[in-house]
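Hi,

Here is the structure I said I would pass on. Have a look at it first, and my notes on what turned up follow underneath.

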Amino acid sequence: MMALRSNSRASHGFLRQYSKPLLDRLLVFNDQTIRSTSGSCDCVYGSLKQLLVEEPKLGSQKRKFFSGICSFGEIGFRFRSRNFGSSASEIQRIPSFVTLNSDDISHFKGILGEKNVVLDEDKLDFANTDWMRKYRGSSRLLLLPRSTQEVSEVLKYCNSRRLAVVPQGGNTGLVGGSVPVFDEVIINMGSMNSIVAFDKVSGILVCEAGCILENLISFLDNQGFIMPLDLGAKGSCQIGGNVSTNAGGLRLVRYGSLHANVLGLEVVLANGDVLDLLGTLRKDNTGYDLKHLFIGSEGSLGIVTKVSILTPPKLSSVNIAFLACKDYLNCQKLLSEAKRKLGEILSAFEFLDREAMDLVLSQLDNVRNPLPSSKHNFYVLIETTGSDESYDKEKLEAFLLSSMESGLISDGVLAQDINQASSFWHLREGVPEALMRAGAVYKYDLSIPVEKMYGLVDDMRVRLGQSAKVVGYGHLGDGNLHLNISAPKYDDKILEIIEPFVYEWTSRHRGSISAEHGLGLMKANKIFYSKPHKAVETMASIKKLLDPNGILNPYKVLPHSLSSCT
């Protein structure tokens, strides 16, 4: 092993200008949760909690400036949304929905108590607006139920009156799915935040939908387990919202999606009926597995009130490597080799291009380039997680040596301590914050076959030329590209170059226009780029069956031509 290290270092200069050789920089942690939230601070309303990965929260400045415009016309409300990540559109309010009156408010106070019926303008201002300030509704009422029974009574009444509602969790989404379009009643689930049960033998957790993801991670950490889901917005997002959007995140390559980890749900339907699917069995092959209808449905079929989820045990050996590759082809080959040679211990495989790295280094404070000797075209972050320190170390060493000798890696470093490991993660997770600081940003969350994924970035650069900077990064391990176009200011001409090209390109290469952020309002009319008409019509039929009056999160997920007919 020492000879291999010496030869590879001589031939490849793998760790030039680092004080310790590659294999001495390996760090095995005794704590699974090593990712840093450095550069962020704790948050309540309107302050910064996490500026990481794909769902950062807003900064401490109150959200006063909005791009959504609501107007009143002869036919009712219309919504003109300058969606700087999607083409501007005009939506008409569904005329069958009634408007809120004082009797409705009195009725809700009878169900929830006066303090849980919020009419305060400042709190409504926050709840009406998404964190990117792209979408703003005009709801006059925020409800804070504390139990499934209260959610049931609220929905039963709203359905009978045809009052439209918007279920809301941490409001960290990127596609306008968790805020009103017009005057829908907001039902925020944050008060339902109790852990119901945890089985230390099976690792099955049952909790209410309003539990903040980071709180669940902390609880499980104390029990010797981890959540199979890890997001940059974990300090604000809620598990009910995670389930409703089928959130992906950093651990999907190891543990799979929420469809694989959620064992059961409790859901309240539009008419107030409670659907008890809260099973805790790994195997249950009795009839249709209805819970999967609600995972990823964005609150359009029912409101999730409780979740049963399988959590894996926390493993003690965690290693982080930050690597450089000369081109995207080498990134692909490195991923293939990692899957073969690291196998069961591979827990994350993230990538960012040179433009993303340059933005992070120029826009964020207290960040350091771990590979300062030269600039590289691509950077890869690899995390391994296992239970045997010596075995995992030997396996990773062998993989890295092999990758150096084959030329897949141009340079790289292994975390030597927990601070360095956190700084590596902050480089990857800090990209969204850097983009926001740089100016206007058009964001696209796409799932594309890995071998074709970066072709979209290259093609977009050709289309845009010098008018904007195109940045590519994301979860290479599961084929999820986060395409971001950065410009000094928002410009309709730039948007016309981006769309519909970005959707057409993705569709042509049999990708998905939404990998993990959902469709929401932004992409509801774009669904046909990823799904055939018959499939969308079937979805509309399911919506009609479960929510015949169409009161649950209207204008989202399904095309407006279909959703307006429910």
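**What I found**

The chain has 19 helices and 19 strands. Keep in mind that this is a predicted model. Of its 566 residues, 58% count as buried. Among the contacts with a separation of 6 or more, 74% are between residues 24 or more positions apart.

**Cavities**

You'll probably want the empty space first. Rolling a probe the size of a water molecule over the atoms shows where empty space is left. The structure holds 7 cavities of 30 Å³ or more, and the largest one has about 450 Å³ of space in it. Its lining takes in 32 residues, and those closest to the centre are Ser 178, Gly 241, Asn 242, Ser 244 and Thr 245. Three elements give two or more residues to that lining: β6 (165-168), α6 (239-245) and β12 (303-310). α6 gives the most, with 5 residues. As for character, the lining of the largest cavity splits into 18 polar, 11 nonpolar and 3 charged residues.

The second largest cavity has about 60 Å³ of space. It is lined by Lys 134, Leu 174, Val 175, Lys 443, Tyr 444, Asp 445, His 517, Met 522 and Lys 523. Here the split is 4 nonpolar, 1 polar and 4 charged.

**The seven-stranded sheet**

There is an open sheet of 7 strands with antiparallel pairing, in the order β16-β13-β15-β14-β18-β19-β17. β16 (411-414) and β17 (440-447) sit at the edges with a single partner strand each, so one side of each has no neighbour in the sheet. Direction ignored, neighbouring strands of this sheet are turned by 15 degrees against each other on average.

At the β17 edge, the partner is β19 (residues 480-487), paired in the antiparallel sense over 8 bridges. If you want a spot to check by eye, Val 441 stands opposite Ser 486 in β19.

Two helices are worth displaying together with the sheet. Helix α12 (residues 389-405) lies across β13 (317-325), β15 (378-386) and β16, and runs at about 10 degrees to β13. Helix α17 (residues 501-508) lies across β17 and β19, at about 15 degrees to β17.

Gly 439 is in the loop between α14 (431-438) and β17. Is Gly 439 buried or partly exposed? With a relative accessible area of 27%, Gly 439 is partly exposed. Leaving aside neighbours within four places in sequence, Gly 439 is in contact with Ala 487 and Pro 488. Gly 439 and Pro 488 are 49 residues apart in sequence, yet their C-alpha atoms are 5.1 Å apart.

**Backbone oddities**

Before you set anything up, here are some backbone details. Most residues other than glycine have a negative phi, and most peptide bonds are trans. The peptide bond from Glu 499 to Pro 500 is cis, with omega near 5 degrees. Pro 500 lies in the loop between α16 (492-498) and α17.

Two asparagines have a positive phi. For Asn 171, phi is near 60 degrees; this residue lies in the loop between β6 and β7 (185-188) and counts as buried at 4% relative accessibility. For Asn 553, phi is near 45 degrees. Asn 553 lies in the loop between α18 (533-546) and α19 (560-563), and is also buried, with a relative accessible area of 1%.

Cheers

Key. Residues are numbered from 1 along each chain as its sequence is written. This is a predicted model: local features need pLDDT of at least 70, side-chain atom pairs count only at pLDDT 80 or more; totals for chains, interfaces and linings use all residues. Side-chain values use heavy atoms; hydrogens and water are left out. On a 1 Å grid over the protein atoms alone, a cavity is a set of points where a 1.4 Å probe fits but cannot get out, and a pocket is an open set with protein on both sides within 12 Å along at least five of seven lines; lining residues have an atom within 4 Å of a point. Grid points are joined across faces, edges and corners, and a volume is the space filled by probe spheres set on the points. Helices (H or I, at least four residues) and strands (E, at least two) are DSSP runs, numbered from the N terminus. Ala, Val, Leu, Ile, Met, Phe, Trp, Tyr, Cys and Pro count as nonpolar, Asp, Glu, Lys and Arg as charged, and the others, Gly among them, as polar. Two strands pair if DSSP finds at least two bridges between them. Axes are lines fitted to C-alpha atoms, for helices over the stretch in contact, and angles run from 0 to 180 degrees between N-to-C directions. Contact means heavy atoms within 4.5 Å. Buried means under 20% relative accessible area, exposed over 50%, partly exposed in between (1.4 Å probe, protein chains only).
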